[in-house]
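This report walks through a protein model one part at a time. Have the sequence and the 3D view at hand while reading.

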Protein chains: 4
Amino acid sequence: MLILMNSDHTKADLEAVLEKVRALKLKPHVIPGAQSVAVGITGNAGALDPREFTVLPGVRDAVPVTKSYKLAGRDFKHGDTLVRVGPYEIGGKGFLAIAGPCAVESEEQTLRIAKAVKAAGAQLLRGGAFKPRTSPYSFQGLGLEGIRILAKAKKETGLPIVTEVLDQRTLEQVAEVADVLQVGARNMQNFALLKELGRLRKPVMLKRGLSATLDEWLMSAEYLLSEGNGQVILCERGVRTFSDHARNTLDLTVVPAVKELSHLPIIVDPSHATGVRSRVAPMARAAAAAGAHGIMVEVHDDPKRALCDGAQALPPSEFKALMGDLSKIASAVGHKMSPQKAK
Amino acid sequence: MLILMNSDHTKADLEAVLEKVRALKLKPHVIPGAQSVAVGITGNAGALDPREFTVLPGVRDAVPVTKSYKLAGRDFKHGDTLVRVGPYEIGGKGFLAIAGPCAVESEEQTLRIAKAVKAAGAQLLRGGAFKPRTSPYSFQGLGLEGIRILAKAKKETGLPIVTEVLDQRTLEQVAEVADVLQVGARNMQNFALLKELGRLRKPVMLKRGLSATLDEWLMSAEYLLSEGNGQVILCERGVRTFSDHARNTLDLTVVPAVKELSHLPIIVDPSHATGVRSRVAPMARAAAAAGAHGIMVEVHDDPKRALCDGAQALPPSEFKALMGDLSKIASAVGHKMSPQKAK
Amino acid sequence: MLILMNSDHTKADLEAVLEKVRALKLKPHVIPGAQSVAVGITGNAGALDPREFTVLPGVRDAVPVTKSYKLAGRDFKHGDTLVRVGPYEIGGKGFLAIAGPCAVESEEQTLRIAKAVKAAGAQLLRGGAFKPRTSPYSFQGLGLEGIRILAKAKKETGLPIVTEVLDQRTLEQVAEVADVLQVGARNMQNFALLKELGRLRKPVMLKRGLSATLDEWLMSAEYLLSEGNGQVILCERGVRTFSDHARNTLDLTVVPAVKELSHLPIIVDPSHATGVRSRVAPMARAAAAAGAHGIMVEVHDDPKRALCDGAQALPPSEFKALMGDLSKIASAVGHKMSPQKAK
Amino acid sequence: MLILMNSDHTKADLEAVLEKVRALKLKPHVIPGAQSVAVGITGNAGALDPREFTVLPGVRDAVPVTKSYKLAGRDFKHGDTLVRVGPYEIGGKGFLAIAGPCAVESEEQTLRIAKAVKAAGAQLLRGGAFKPRTSPYSFQGLGLEGIRILAKAKKETGLPIVTEVLDQRTLEQVAEVADVLQVGARNMQNFALLKELGRLRKPVMLKRGLSATLDEWLMSAEYLLSEGNGQVILCERGVRTFSDHARNTLDLTVVPAVKELSHLPIIVDPSHATGVRSRVAPMARAAAAAGAHGIMVEVHDDPKRALCDGAQALPPSEFKALMGDLSKIASAVGHKMSPQKAK
């Protein structure tokens, strides 16, 4: 922390700052300047709240020097984390696709789509059994019956499963089947849930909250890491802004930013970000070009009858064509599409 | 729902829309226009997803006509909901103040501040036992020990208690002591938690999420109402925008907007919104002038030593002066400060 | 500027930073820390671009210490600026209302409304002759004919005139009649226009841009001040956010923030911020309670036939009632409604 | 426009709406529904202001049906506009790069960099002579001397010139040299400037405003088109959001959105959007993958000594490598890098 004094601060103001620092058992360093004076603080283990100092008289600003996350940052771990999911490693120079229906609607629909995305080249299967819906009157998912269906789809296709966990009460049952436990955007700061997931030994895909800064996102990852679960995959899915031509604003610049600051893999979900089929493929391609480690897309073989978000689902044929493009683009930026290893 | 066709749509495009509407067991109404054609849909019980139609060829836009919330809206209930908390009613033409420390730090601190805010005129006591913190390394609250302390403070001062519930696992224990269960901004769309709270018969204060629209906020209230709990108080606490001169952007215009659209009471939390002591009182006054039913403010008698958000806490003396201003302003806009009824 | 080094920076990294500072003819100060090292820079006259340093290897961050504005800040001038407009002073502990139609539509309409707002207690008359419209097909204002009408309204009522200047080509003609030249939100960073206005000796009302930070707003004021025009009034009129229940998000917290950081007066325009009549009065009252030096509101005696923004115009009767409320609220927060001094 | 009535509207409310429609010389169509009634309006030439109706009693909402832009939309012109600049056509299935220094600093620097970007494969040269700067104390560009230097660079390299026009007073002189006149983000709604540019017969590059919706952006293009200048190139350069890990949030989803709604070409400026060198190339690649018609990037051969935005400038070697990547990615998405045709 660095404390910046106003140009017209008094001697007493400065003394009060020094005293406050010492009261926190930390060490102040007075730094004289041309216009004013600054006070550096050393000795703190974690982050300090700048406002502890900005409320003192004569203080202009207080600037954090230490990053708030540790385990999620490159300072802690230089090399890339590779998250093992079934036969795959997510991260590093790899690229892969997670595909499947928004919601598990029935056993037949799920098996059919699972086979279709496998045939189109997807490495993992996604599908929601518990659906977070803005309205209590919308379809909330099949629940545990949906989890049972996903287990069957995994058995039949060999595709590892990515599915969302919403509720502390059903976490264990979901974790028995899921290969990757997804935390949705709305739960990115559901700390009670994060702590429980941190105690599991299962990969977690942590979606970015609708208005989360990169720092907050990495701090939520830190909740998982600090409980002992290092298998964290980040997923950008669009943020909320004034911009109204798409469902959300896909923030692809976060991809190189994450890769600079963190060792964790990052994938992109263009389906939720755009909300409209015709923009999913362009944004999936852009994600690959930006250096993401993969994409997660919604695929449905009968989008008009989908119970959830049919408007953003790709038909299997479009998804297959997209996989071809992604393979070329990923390789143009030094990534390599993982060969499908499912049985 | 109203479907707007492009000016160059084909007959087949229109026919496909009509078929889709009929397939949903709804009734289409073709409306010819000067430039193009529109299709009105009637017969739907809940909201339809516009994107189901916008993906069809020849369709320009699809516009929802029915509001997505029902029980939370004035269409369902014209008169104001008055939420009973201890001897008070929140809503209507009343005004009151909820005050206390950000976090329960110790029994002594809590009792001391409880007495101070009571002396200054507060009607309810706030205090966090479970604290949602961005960092896993920040003080997380005293937990159930904090709840025990709040019970003691309530017994000693007679002030009803407002405290946050974070975790489905401790919900019942918190509900035993709390008079109002607070749902924090980060949990506004933690639907698993909302459903459990909807089954209780306790007032819930639902804070607006950092990037929640008014519609989404009322839909989260609808989760509570549709489970049978009608005792919902809304709380505006600032939203996240590009604006960087305050912690969040307090959106006071939402106060008259809520009062037009919903029968639920709305209060304002200027402490979290501004994050800085010197702006708390101006925004509390502005909230009263905007027509809010009350404010919730953080008060600490030794802000420099507060374990959480000391920078935004008012000392009891400033809070007392503020109560005087609020009483005048509330009455200038037709509200009335509730007389303190605690024993 | 303070440069923060990474914990794993090399000696060469640090040396490169010191060299860069010296190359800029500035003085570096090395500050050793527990985890890393920082470098303070002194000797710079204006602000440095932090990115000049953050791109160097081994640098974690670069933090500006000096505020970018000078003349607009309290460091430069402690006491409040009072802007003289006709017989009034705007700023300090005063409060006043600027009212009138959105657009000057005709001589008859303008005179009629001018008399009505005068009768209701307004101190200044507003009215747009040149209108900035999103669409080229919308009514663009009467132009110089509108300016002539405003001159007549001023002569008949004695009310000083506030009107917008859009175009460098007509600036002089507008300035002949206007008592306050308004710069609209869209032109807040039209620096060519600001420089020309800075050379005039007329009060300027500088509206905040739709996505302007407080710093940028004060920097635009600095363009005016640094050219020699110190008569600047700031006007908050709502910013653009994701929030969709009102036309813009009125950021009232900026009122106490401006008053802390700057000596310039600040008024609030609730008409453009809310866009809807029923929310104008609540937000005008909230602005007064927040400590603003005045409000600017649109008044029309036949809103249904207004050529521009009729939906947000108050009828004179509602405006008159509002003036009564504002007088009470302003005085509850230590401000005083200026008595009307027009002939 | 479609007017939606409240479920509890009265007969008189409906009658008032019909009367208002007829008063505007338009035709109302009453559409009975299950819950309520709607009124369709036909006969209007341009867009109506929804708020004209939403303020009437009994009205729930008013929904525009007609798009506000005409000439900029695909309804007006189906095929892609190809903007001719020197020997190039921008738009369609082409892709090209505009590169050069942020600011023209001297003749020597500009010629050196112009030759370097030409050697690296750029088709057009960019360089700012008039610089819009947040602070009046920052380098404002060389002005007309800079324009003279650009003319020389064009003569020596044959590269067409893209440069910004800021001021109505110097527009003609800039237009004599520039091949493309750039309107900066801050001037996107400087309608006086747009009208003058619309009367020229020179290509205009219209940057998206920091908080402009897609609709507003196309409406600003409409100002140019409706004055007779059809040679408009759109440029996405990042928007302002809460997200703080980059200078702005690059909204790449706008690329497919523009291509669906408008016939105008769209390019992307990753330098201003990201503000940091290491993220420029990933976002340039992402732009190509998203289907943009080109990129505009800042290149400097001595970024550490650049007078403006050195932190985001690519050195020529990195730019050359990027051009290779872009060629591959553009072709993976069906675009073709224009061969360099400069003499």
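In this predicted model, 38 residues of chain A are in contact with 38 residues of chain B. Two residues are in contact here if their C-beta atoms, placed from the backbone, lie within 7 Å. The elements of chain A that give two or more residues to the side touching chain B are α2 (51-54), α6 (191-199) and α7 (214-226). Helices are DSSP runs of H or I with at least four residues, strands are runs of E with at least two, and both are numbered from the N terminus. The largest share of the side of chain A that touches chain B comes from α7(A), with 5 residues.

Residues are numbered from 1 along each chain as its sequence is written, while chains are lettered from A and ligands numbered from 1 in the order in which they are written. Local features need pLDDT of at least 70 and side-chain atom pairs count only at pLDDT 80 or more, whereas totals for chains, interfaces and linings use all residues.

**Two contacts of chain A**

Chain A also touches chain D, and this contact takes 36 residues from chain A and 36 residues from chain D. On the side of chain A that touches chain D, α8 (254-261), α10 (277-290) and α11 (316-332) of chain A each supply at least two residues. The largest share there, 9 residues, comes from α10(A).

The table sorts the residues of each side by class. Ala, Val, Leu, Ile, Met, Phe, Trp, Tyr, Cys and Pro count as nonpolar, Asp, Glu, Lys and Arg as charged, and the others, Gly among them, as polar.

| Side of chain A | Nonpolar | Polar | Charged |
|---|---|---|---|
| touching chain B | 13 residues | 13 residues | 12 residues |
| touching chain D | 19 residues | 10 residues | 7 residues |

**How the copies are related**

Two copies of a chain are related by a rotation about an axis and a shift along it. Chain A can be laid on chain B by a turn of 180° and a shift of 0.0 Å along the axis, with an RMSD of 0.0 Å. The two copies are thus related as by a two-fold rotation axis. In chain A, the C-alpha nearest this axis belongs to S211(A), 3.0 Å away. Both copies use the same surface, as 100% of the contact residues of chain A recur in chain B. Copies are superposed by least squares on the C-alpha atoms of residues with pLDDT of at least 70 in both.

Laying chain A on chain D likewise takes a turn of 180° and a shift of 0.0 Å along the axis, with an RMSD of 0.0 Å. Of the residues of chain A, A286(A) comes closest to that rotation axis, with its C-alpha at 2.1 Å. Here too the same surface serves both copies, and 100% of the contact residues of chain A recur in chain D.

**A helix pair between chains A and D**

At what angle do the axes of α11(A) and α11(D) cross? They cross at roughly 175° and come within 10 Å. The axes are lines fitted to C-alpha atoms, for helices over the stretch in contact, and angles run from 0 to 180 degrees between N-to-C directions. Angles over 145 degrees count as roughly antiparallel, and α11(A) and α11(D) are therefore roughly antiparallel to each other. D325(A), K328(A), I329(A) and A332(A) make the contact from α11(A), and D325(D), K328(D), I329(D) and A332(D) make it from α11(D). By class, this contact has 4 nonpolar, no polar and 4 charged residues.

**Inside chain A**

Chain A has 11 helices and 15 strands. Its C-alpha trace spans about 75 × 45 × 40 Å along its principal axes. Of the 343 residues in chain A, 61% are buried. A residue is buried if 20 or more other C-beta atoms lie within 10 Å of its own, exposed if 12 or fewer, and partly exposed in between.

A99(A) is found in strand β7 (residues 94-100) of chain A. Is A99(A) buried or exposed? A99(A) counts as buried because 32 C-beta neighbours lie inside 10 Å. Leaving aside neighbours within four places in sequence, A99(A) is in contact with residues including V117(A), R126(A) and F319(A). A99(A) and E298(A) are 199 residues apart in sequence, but 5.6 Å apart in space, C-alpha to C-alpha.

K25(A) is found in the loop between α1 (11-23) and β2 (27-32) of chain A. K25(A) has a positive phi of about 65° although it is not a glycine. K25(A) is exposed, with 8 other C-beta atoms within 10 Å.

Notes: Angles under 35 degrees count as roughly parallel, over 145 as roughly antiparallel, 65 to 115 as roughly perpendicular and the rest as oblique.
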